[in-house]
Each structure stands twice: as structure tokens, then as C-alpha cells.
Amino acid sequence: MSNPILTRLAFAGPLKAGATLEARWSAAHPMDSGFRVDDSGRKIQRNIIHTVKVLLNDQLILEAELGTAMTSPVYLAFPVQVPAGGGLVRVLWLDDAGQAGETVQRLVV
């Protein structure tokens, strides 16, 4: 089994209904492009996070297809409008090795 990938989701801005926050998501994924070689000269297999989906209260608000030019650690910043009753933001991701993860953060108004 592979090691768990550490992720973080944070928000910047006023946490009040109707406000737009900047969501900042990062993942400590190695993001191996498939172009590097190890110390023995063998090619390191490509393994990148290729799909990221963001849901707010189970409604899709962002979907991104990442490529080999993405940095490690992965970092995405995107706007989130705060619903009147607050809500739950979920970031789902999938990499080339089939490993998937989820980061969840509640917006409390």
C-alpha cells in the first residue's frame, strides 16, 4: 500500500454569507513527470495527480485536469462563494497510480 498523501485546505477572506473566499488547496504528492531517472539510471514512472474535483455542499464547483508541468507540492487557489447556511467543501483527487484522496473543510457562518 502506498503512503498517504498529506493535503490541506484553507480559506482566506471574510467568512460571512455571500462573501467570496479564496480557497487554497495543497497536496504533498511527488508529481513524478515520467521524464526523470533514478540513481540507477532507470526511468521513474509517471505518477501525477491528474484529476481534481471540488464540491460545495455536494455540488461540483471546479474540475481541473492537471498535467506534468504542475509543481510538487501541488497548489491550487480558487474562489468559493459562502452559502447562507455555510457548507462543506470537499476536494477529491486521483493520480496515475490509482491512488485517490479527499480533503474536507466545513464553512461555518
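Start by selecting strand 3 and strand 6 (residues 87–95): seven bridges join them, and they run antiparallel. Strands here are DSSP runs of E with at least two residues, numbered from the N terminus, and helices are runs of H or I with at least four. Two strands pair if DSSP finds at least two bridges between them. This is a predicted model: local features need pLDDT of at least 70, side-chain atom pairs count only at pLDDT 80 or more, and totals for chains, interfaces and linings use all residues. Residues are numbered from 1 along each chain as its sequence is written, and side-chain values use heavy atoms, leaving out hydrogens and water.

**Stop 1: strand 3**

Stay on strand 3, residues 49–56. Seven of its eight residues are buried. Buried means under 20% relative accessible area, exposed means over 50%, and partly exposed lies in between (1.4 Å probe, protein chains only).

Now pick L56. In strand 6, V89 stands opposite L56. In strand 4, the bridge partner of L56 is Q59.

**Stop 2: the hairpin**

Add strand 4, residues 59–65. Strands 3 and 4 pair in the antiparallel sense, over six bridges. They form a hairpin with two residues between them.

Select N57 in the turn. What is the sign of phi at N57? Phi is positive, near 50 degrees, in a residue other than glycine. Most residues other than glycine have a negative phi. N57 counts as partly exposed because its relative accessibility is 41%.

**Stop 3: the four-stranded sheet**

Widen the selection to strands 4, 3, 6 and 7. That is the order of an open sheet of four strands with antiparallel pairing. Strand 4 and strand 7 (100–107) are the edges, each pairing on one side only. Neighbouring strands of this sheet are turned by 15 degrees against each other on average, direction ignored. For such angles, axes are lines fitted to C-alpha atoms (for helices over the stretch in contact), and values run from 0 to 180 degrees between N-to-C directions.

**Stop 4: the three-stranded sheet**

Next, select strands 1, 2 and 5. They make an open sheet of three strands in the order 1-2-5, with antiparallel pairing. Which strands form the edges? They are strand 1 (7–12) and strand 5 (74–81), and each pairs on one side only. The twist averages 20 degrees from one strand to the next.

Look at strand 2, residues 20–27. Six bridges pair strand 2 with strand 1 in the antiparallel sense. One spot to click is A10, whose bridge partner in strand 2 is R24. Eight bridges join strand 2 to strand 5, also antiparallel. Click E22 here: E22 stands opposite P79 in strand 5.

**Stop 5: the two faces of strand 5**

Keep strand 5 and colour its two faces. V74, L76, F78 and V80 make up the covered face. Y75, A77, P79 and Q81 make up the uncovered face.

**Stop 6: two loops**

Go to the loop between strand 4 and strand 5, where P73 is found. Is the peptide bond from S72 to P73 cis or trans? The bond is cis, with omega near 0 degrees. Most peptide bonds are trans.

Then move to the loop between strand 2 and strand 3 and select M31. M31 has a positive phi of about 50 degrees although it is not a glycine. Is M31 buried or exposed? M31 counts as buried because its relative accessibility is 8%.

**Last stop: the whole protein**

Show everything. The protein has zero helices and seven strands. The C-alpha trace spans about 55 × 25 × 20 Å along its principal axes. Of the 109 residues, 36% are buried.

Turn on contacts, which here means heavy atoms within 4.5 Å. Among contacts between residues at least 6 apart in sequence, 55% join residues at least 24 apart.

Switch to the surface. The protein exposes about 6,600 Å², and carbon and sulfur atoms supply 51% of that area. Accessible areas come from the Shrake-Rupley method with a 1.4 Å probe; for residues, only the protein chains shown count as cover.

Finish with the charges. The mean positions of the 10 positive and 10 negative charges are 6 Å apart. Lys and Arg count as positive and Asp and Glu as negative, while His and the chain ends are not counted. Each charge is placed at NZ of Lys, CZ of Arg, CG of Asp or CD of Glu.
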